[in-house]
Amino acid sequence: MKRCIELAKNGFGHTYPNPMVGCVIVHDRKIIAEGWHQKAGGPHAEVNAIQKIQDERLIKKSTIYVSLEPCSHYGKTPPCADLIVEKGFKNIVIGMIDPFAKVKGRGIKKLFDHGCKVTVGVCEDACFELNKRFITFHEKQRPYIILKWATSQDGFLSPYAYGKSTQNDPVWLTNAYSKQLVHQWRAEEQAIMVGTHTALMDNPNLTTRLWKGNNPLRVIIDRELKVAQTANLFSTDAKTLIFTEKSPSKNSLSHVEFCEIEFNKNTIPQILKVLHQRQIQSLIIEGGRQTLQGFLDANVWDEARVFKSEVLFGQGTKAPDFRTELFKTQDILSDKLNYYNNKKPMPNAEASV
């Protein structure tokens, strides 16, 4: 199963909206074929592996390992569960159940109904980690949410009080290597979000200009449309979605879309519902304290990635408050990068925002 997971990772960034899946076929304790899902619309991992078997007479005495439950429905490709049965496999080992509603146990049932021996839940945690974005999207009906910020050594986001800084005095806390890593993260996620304050004060681009990869959808929370359309967030480098109280009467920018929500109600569920409807499976939030704290207080987040620099401010805008056990830490020259995980949703759990 560990080899399945290794293979599946080859599809990172290419399989959306499908999950990453790896498959290994073993006969007499030797791998005779393997494959992974390479891109959406293309053959699934099981198909790619089965096609590489040189002697199909070995199949009935072989075990097929797959990191995610074989599909049981017709999409862009036929059901993999049907193919496994048709080829004559009798022993199937599955990493975890597929949370997608059209599968979710149906593939396993089909295999059982045809007399196959099925083992489920092998390296389940690692299989969950592999497709945490896909799983969270289907189980929680929202994107997988990553919070990111940088603090001074004494816990401030900025040396200025909230709302007192200007575009003329931005403060960089982290080094060039940390900055490049953030751009890599942007390339790995489907959307990136900031609030009005960050958009006005930092005038960010929110693109992957320091890393090779696709730009994420830029999402801005701008209730009163304070961000001018001359700001970097309105560049044609990426599409931009703006959540606002009232859309402008005219919009001449084809790559910019306005979405009205009710700001007198809880905005987080409204925003996440729209992103889910748009099939956005992951969201990285680089907003300021107010935006970040809102998601923390609502307990609607999955990861926090926090840079701590050697700089001392002594005063200013405090970093978000939260208490979560440190998951891991990483040194990036003088910067310290801390990773935190919120309690993960269990596969097939009934959960909603």
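**Entry 1: E4 and E5**

I began with Asn91 and looked up its bridge partner in E5, which is Lys117. I then checked how the two strands run: E4 and strand E5 (residues 117-120) are parallel and are joined by 4 bridges. To get from E4 to E5, the chain passes through helix H4 (residues 106-113), and this β-α-β crossover is right-handed. A reminder to myself: this is a predicted model, so I am reading a prediction throughout.

**Entry 2: E3 and E4**

Next I moved to the other side of Asn91. Its bridge partner there is Thr63. I also noted Tyr65, which stands opposite Val93 in E4. E3 and E4 run parallel, with 5 bridges between them. Between these two strands the chain goes through helix H3 (residues 80-87), and I found this β-α-β crossover to be right-handed.

Is strand E4 largely enclosed or not? I looked at residues 91-96 and found that 5 of the 6 are buried, so the strand is largely enclosed by the rest of the structure.

**Entry 3: the whole sheet**

I wanted to see where these strands fit. They belong to an open sheet of 5 strands in the order E2-E1-E3-E4-E5, and the pairing is mixed. Which strands stand at the edges? They are E2 and E5; each has a single partner strand, so one side of each has no neighbour in the sheet. On average, neighbouring strands here are turned by 15 degrees against each other, direction ignored.

A textbook point I wrote in the margin: in a regular strand, side chains alternate between the two faces of the sheet.

**Entry 4: the E1-E2 hairpin**

I followed the sheet to its other end. Strand E1 (residues 22-27) pairs with strand E2 (residues 30-36) in the antiparallel sense, over 6 bridges. One pair I picked out is Ile25, which stands opposite Ala33 in E2.

The hairpin has 2 residues between its strands, and I looked at the backbone there: Asp28 has a positive phi near 55 degrees. Arg29 sits in the loop between E1 and E2, and its phi is also positive, near 70 degrees, in a residue other than glycine. Is Arg29 buried or exposed? Its relative accessibility is 81%, so I put Arg29 down as exposed.

**Entry 5: Ser62**

I picked Ser62, which lies in strand E3 (residues 62-68). Ser62 counts as buried because its relative accessibility is 2%, and the cut-off for buried is under 20%. Which residues touch Ser62, apart from neighbours within four places in sequence? I listed Ile25, Val26, His27, Ile32, Phe89 and Asn91. The side chain of Ser62 also reaches the backbone oxygen of Leu58, at 2.6 Å.

**Entry 6: backbone details elsewhere**

I found a cis peptide bond between Tyr16 and Pro17, with omega about 5 degrees. Pro17 belongs to the loop between helix H1 (2-8) and E1.

Gln141, in the loop between helix H6 (132-140) and E6, has a positive phi near 60 degrees. With a relative accessible area of 41%, Gln141 is partly exposed.

**Entry 7: helix H10**

What covers the buried residues of H10? First I noted which ones they are: in helix H10 (residues 289-297), Thr291, Leu292, Gln293, Phe295 and Leu296 are buried. Their cover includes strands E6 (144-151), E8 (191-195), E9 (217-221) and E12 (282-285), along with helix H9 (267-277). Just after H10, Asn299 has a positive phi of about 55 degrees.

**Entry 8: salt bridges**

Side chains of opposite charge can pair when their charged atoms come close. I counted 20 salt bridges in the model and looked at three.

Lys148 and Glu286 meet at 3.8 Å, N to O. Lys148 lies in strand E6 and Glu286 in the loop between E12 and H10, so this pair ties together parts 138 residues apart in sequence. Lys148 is buried at 16% relative accessibility, and Glu286 is buried at 12%.

Glu245 and Arg223 meet at 3.0 Å, N to O. Both are partly exposed, Glu245 at 38% and Arg223 at 36%.

Glu129 and Lys132 form a salt bridge whose closest N and O atoms are 2.8 Å apart. Glu129 is partly exposed at 42%, whereas Lys132 is buried at 9%.

Technical notes
Residues numbered from 1 in each chain as written. Predicted model: local features only at pLDDT ≥ 70, side-chain atom pairs only at ≥ 80, totals over all residues. Heavy atoms only, no water. Pairing = 2+ DSSP bridges. Buried < 20%, exposed > 50% of the residue type's maximum accessible area, 1.4 Å probe, protein only. Polar contact = N/O pair within 3.5 Å; in protein donor to acceptor, adjacent residues only side chain to side chain. Contact = heavy atoms within 4.5 Å. Right-handed = clockwise from strand over helix to strand, strands pointing away. Axes fitted to C-alpha atoms, helices over the stretch in contact; angles between N-to-C directions. Salt bridge = Lys/Arg side-chain N within 4 Å of Asp/Glu carboxyl O.
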